[in-house]
Amino acid sequence: HATSVLAPPTKTYGHLNAETVLTVTRWTDRLFSFTTTRDPSLRFENGQFAMIGLELDGKPLLRAYSIASANYEEQLEFLSIMVPDGPLTSQLCKIVPGDIVLVGRKPVGTLLVDNLRPGRNLYLLATGTGLAPFMALIKDPAVYERFDRVILAHGVRVSGELAYANRIRHELPKDEFLGEDVAAKLLYYPTVTREEYQTTGRLTDLIESGKMFTDLNIDPIDPEHDRVMICGSEAMLADLKQMLEERGFDEGNNSRPGAYVVEKAFAEK
Ligand code: A2P
């Protein structure tokens with residue numbers, strides 16, 4: 001067992017729950033995920049994010065993290081990058097089971113199935129830690145009720161950053177409750193840009209060239225029938241938004257459903 005180097009919080013905070021870290025998974029030297037206990041009063045929708053963090057120098061230091069666990073699960077799960085000079089992530093990456101993480105009581109966000117009009121295929125397009133909200137959504141039975149196909153495309157630099165690939169490919173299709181829907185409807189499309197892999201190149205280029213659709217053997221993306229959720233870096237969001245708008249997709253939000261919705265993935269500078 002690794003020993004803790006993080007001090008527990010010195011106070012309680014009204015807007016934050018103190019949750020205990022249960023497991024930590026280290027995907028690469030700059031990518032890790034962890035599960036925590038979940039206060040039974042915490043309510044959220046799949047796709048939402050919460051403010052989470054640590055008490056550092058006597059005050060909470062928080063960042064927006066998408067919740068990677070589904071809203072019916074007993075534990076919370078988060079996916080994080082580690083930025084060496086990032087005030088929060090340089091500390092958070094030291095967590096071990098038993099440490100305390102602060103979790104905001106009011107999750108919010110736009111990546112909700114209710115923010116999309118009904119459709120045929122649902123595209124979940126993620127780069128890096130943008131995968132996190134989609135890990136919750138691919139475990140949501142409502143997603144499979146509303147769409148014929150769910151395409152989860154994850155773009156990363158190197159294949160080691162394909163977090164949860166094994167769970168998506170091998171565990172979810174065997175899940176007692178979701179397995180049938182996952183096996184019938186979920187298409188996982190990982191792509192790597194900085195080393196050799198079965199599929200290489202940016203998501204934008206794979207859509208533009210049509211390679212994604214031929215590889216998956218599905219009809220090309222179409223604003224009349226298909227819906228899209230995007231989560232990634234600022235640059236990725238800007239490029240994909242422009243590409244979708246040019247093709248006639250309209251953006252949805254919490255007051256009006258649309259053909260696509262967007263959220264920036266966690267980043268710490
Ligand atoms: P690339 O290696 O060509 O920069 P990051 O770890 O920097 O967030 O990047 C995650 C993945 O997102 C990488 O594969 C990266 O490709 C890709 N990426 C970066 N910018 C864009 C963009 N504007 N559109 C699509 N993919 C992008």
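The following is a short conversation about a predicted model, its two domains, its ligand shell and one of its strands.

Student: What should I know about the numbering and the confidence limits here?
Tutor: Residues are numbered from 1 along each chain as its sequence is written. As this is a predicted model, local features need pLDDT of at least 70 and side-chain atom pairs count only at pLDDT 80 or more, while totals for chains, interfaces and linings use all residues.

Student: Into which domains is the protein chain divided, and how many Å separate their centres?
Tutor: The bounds come from an automatic or database domain assignment. They give domain 1 (16-104) and domain 2 (113-264). Taken over C-alpha atoms, the separation of the two centres is 23 Å.

Student: Which element gives the most to the side of domain 1 that touches domain 2?
Tutor: Let's start with contacts, meaning C-beta atoms, placed from the backbone, within 7 Å: 17 residues of domain 1 meet 13 residues of domain 2. Strands E1 (16-28), E2 (31-36) and E5 (76-81) each give two or more residues to that side of domain 1; strands (E, at least two residues) and helices (H or I, at least four) are DSSP runs, numbered from the N terminus. With four residues, the one that gives the most is E5.

Student: Which helix supplies the largest share of the shell around the ligand?
Tutor: A residue is near the ligand if its C-beta atom, placed from the backbone, lies within 6 Å of it. The shell holds 14 residues, and the closest are Thr-127, Gly-128, Thr-193, Arg-202 and Ala-235. Strand E8 (149-156), helix H6 (203-208) and helix H8 (234-246) each supply at least two. The largest share, three residues, comes from H8.

Student: Are the residues of strand E6 buried or exposed?
Tutor: Buried means 20 or more other C-beta atoms within 10 Å of a residue's own, exposed means 12 or fewer, and partly exposed is in between, with C-beta atoms placed from the backbone. In a regular strand the side chains alternate between the two faces of the sheet. Ile-100, Leu-102 and Gly-104 point one way from E6, while Val-101 and Val-103 point the other way. For E6 (residues 100-104), five of its five residues are buried.

Student: Which residue of E6 stands opposite Asn-17 and is also the bridge partner of Ile-52?
Tutor: Strands pair if DSSP finds at least two bridges between them. E1 and E6 run antiparallel with five bridges, and E3 (residues 49-56) and E6 run antiparallel with two. Asn-17 and Ile-52 both lead to Val-103.

How values were computed
Two residues are in contact if their C-beta atoms, placed from the backbone, lie within 7 Å.
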